[in-house]
Amino acid sequence: MIGVIYDYAYLEHRPPGNHVERPDRVVSIIKAVNGLAPVERPIKDVDEWLLKVHDADYVSKIDQVCSEGYVFIDADTYVSPGTCRAARLAVGAVLRGIDKVLSGEWNAAYAIVRPPGHHVGRNGKALMAPTQGFCIFNNTAVGAVYALEHGAGKVAILDVDAHHGNGTQEIFYSDPRVLYLSLHQDPLTIYPGTGFIDEVGEGYGEGFNVNVPLPPFTADDAYQVALNGIVWPIIEEFKPRLILVSLGFDAHELDGITNLRLSLNTYAEVFRRLRDFIGRVGGVVFVLEGGYNNDVLSRGSVLLMNIMSNKEMEIDEGITRTEPRVLARVNSVIRDVISTQRVYWHLG
Ligand SMILES: [Zn+2]
């Protein structure tokens, strides 16, 4: 059974003008999933956990700018008077979802939150990225730390947003308790410019960071080869107690800000595989990251609810095929990832 965590405070994180990361994203999701699952509110008091991931200086800087009104803190990322409350409750939704799943009350949770989080590191911008990419606090990363301290011995974070989760990678780069796997558009062609194959973690964390940088125009067929050849076998071998999913819908071909070409068929496949892990793993918490086409966000979220409730559902989209020229490049990326990661994992 899957439950939803949501709060109307997310609508109070408001851009000063036009912006792709805007309140109606979550409104369209909430309208679409209404009645499909129980809804809970986030945990309110999260600062103890926030400060285990983010520097105190960074958190107080954000609190300061929230008091200043509508402000851009970099070229992409804005803060408004309601941002600090929304951003804390975005973290709190993930923590609530983890409580529900670790207690066994739900076996999956969907934190329908904004602002998103995976681009923000300990101290704001991560790994030399030019901006924080619309993110304020790293909701998923705080969740992973919370889960570890609540008895989940090992946590996997699967990031299917079209952008590399540079913040999450930075935070756990030397931590072997958190496996970070990300499939994303080639960093040479898109923000944040990181997420290359050879970024495998360091120190005790070496081998616990897996990047699959996919060329622009990668479609369903090739993406699923990467899932089957790399992602599922590594998660299977790692045996996490909990899987957190950085769920971005911006890898869909109708999304305006990236060049990946997934249909909802691939999202459905990801949801089914994760559902099948639940028996062995313990639970899955989905955390909304990017996705800027409201129709995709709402239909994708309904699909998630149905699949996690064991209901099959007609997907009104064909499977997308990768052009031969792009496919050859995807296959070479997959081979390179496998030869790099084979040092750490049993891969075919
Ligand atoms: Zn994204």
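**View 1. Leu127 and Phe134, two residues of one loop in a predicted model.** Leu127 is partly exposed, because its relative accessible area is 30%. The model shown here and in the views below is predicted. Leu127 is placed in the loop between strand E7 (124-125) and helix H5 (139-149). Its phi is near 50 degrees, which is a positive value in a residue other than glycine. Phe134 also has its place in the loop between E7 and H5. Phi of Phe134 is near 75 degrees, again positive in a residue other than glycine. Phe134 counts as buried, because its relative accessibility is 13%.

**View 2. The disulfide of Cys66 and Cys84.** The structure holds one disulfide. Its sulfur atoms, in Cys66 and Cys84, are 2.1 Å apart. The pair links distant parts of the chain, with Cys66 in helix H3 (residues 56-66) and Cys84 in helix H4 (residues 83-102), 18 residues apart. The torsion about the S-S bond is about 90 degrees, so the disulfide is right-handed. Cys66 and Cys84 are both buried. Cys135 has its sulfur 15 Å from the closest cysteine sulfur, that of Cys66, which is too far for a bond. Cys135 is buried, because its relative accessible area is 0%.

**View 3. The zinc ion and its protein donors.** Asp161 (OD), His163 (ND1) and Asp250 (OD) are the protein donors, and they lie 1.9 to 2.1 Å from the zinc ion. The spacing of these donor residues in sequence is D-x1-H-x86-D. His163 and Asp250 link distant parts of the chain, 87 residues apart. His163 is in the loop between strand E8 (155-159) and helix H6 (166-172), and Asp250 is in the loop between strand E11 (242-247) and helix H8 (264-281). Both His163 and Asp250 are buried.

**View 4. The open sheet and helix H8.** Eight strands form an open sheet with parallel pairing, in the order E2-E1-E5-E12-E11-E8-E9-E10. Strand E2 (39-40) and strand E10 (209-214) are the edge strands, each pairing on one side only. Strand E9 (residues 178-185) runs parallel to E10 and is joined to E10 by six bridges. Ser182 stands opposite Asn211 in E10. H8 packs on the sheet, where it touches strand E5 (108-111), E8, E11 and strand E12 (284-288). The direction of H8 makes about 165 degrees with that of E11.

**View 5. The largest nonpolar core and Tyr110.** This core has 120 residues. Those that touch the most other members are Tyr110, Leu183, Leu247, Phe271, Leu274 and Phe286. H4 gives the most to the core, with 12 residues. In soluble globular proteins, nonpolar side chains tend to be buried together. Leaving aside neighbours within four places in sequence, the residues in contact with Tyr110 include Ile2, Val4, Ile29, Leu247, Phe249, Phe286, Leu288 and Met305. Gly3 and Ser301 are also among the contacts of Tyr110.

**View 6. Two cis peptide bonds, at Pro115 and Pro192.** Arg114 and Pro115 are joined by a cis peptide bond, with omega about -5 degrees. Pro115 is found in the loop between E5 and strand E6 (120-121). From Tyr191 to Pro192 the peptide bond is cis, and its omega is near 5 degrees. Pro192 is found in the loop between E9 and E10.

Definitions and conventions
Residues numbered from 1 in each chain as written. Predicted model: local features only at pLDDT ≥ 70, side-chain atom pairs only at ≥ 80, totals over all residues. Heavy atoms only, no water. Disulfide = S-S within 2.5 Å. Helix = DSSP H or I, 4+ residues; strand = E, 2+ residues; numbered from the N terminus. Buried < 20%, exposed > 50% of the residue type's maximum accessible area, 1.4 Å probe, protein only. Donors = N, O, S within 2.8 Å, 3.2 Å for Na, K, Ca; no water. Core = buried A, V, L, I, M, F, W, Y, C linked by side-chain atoms within 4.5 Å. Contact = heavy atoms within 4.5 Å. Pairing = 2+ DSSP bridges. Axes fitted to C-alpha atoms, helices over the stretch in contact; angles between N-to-C directions.
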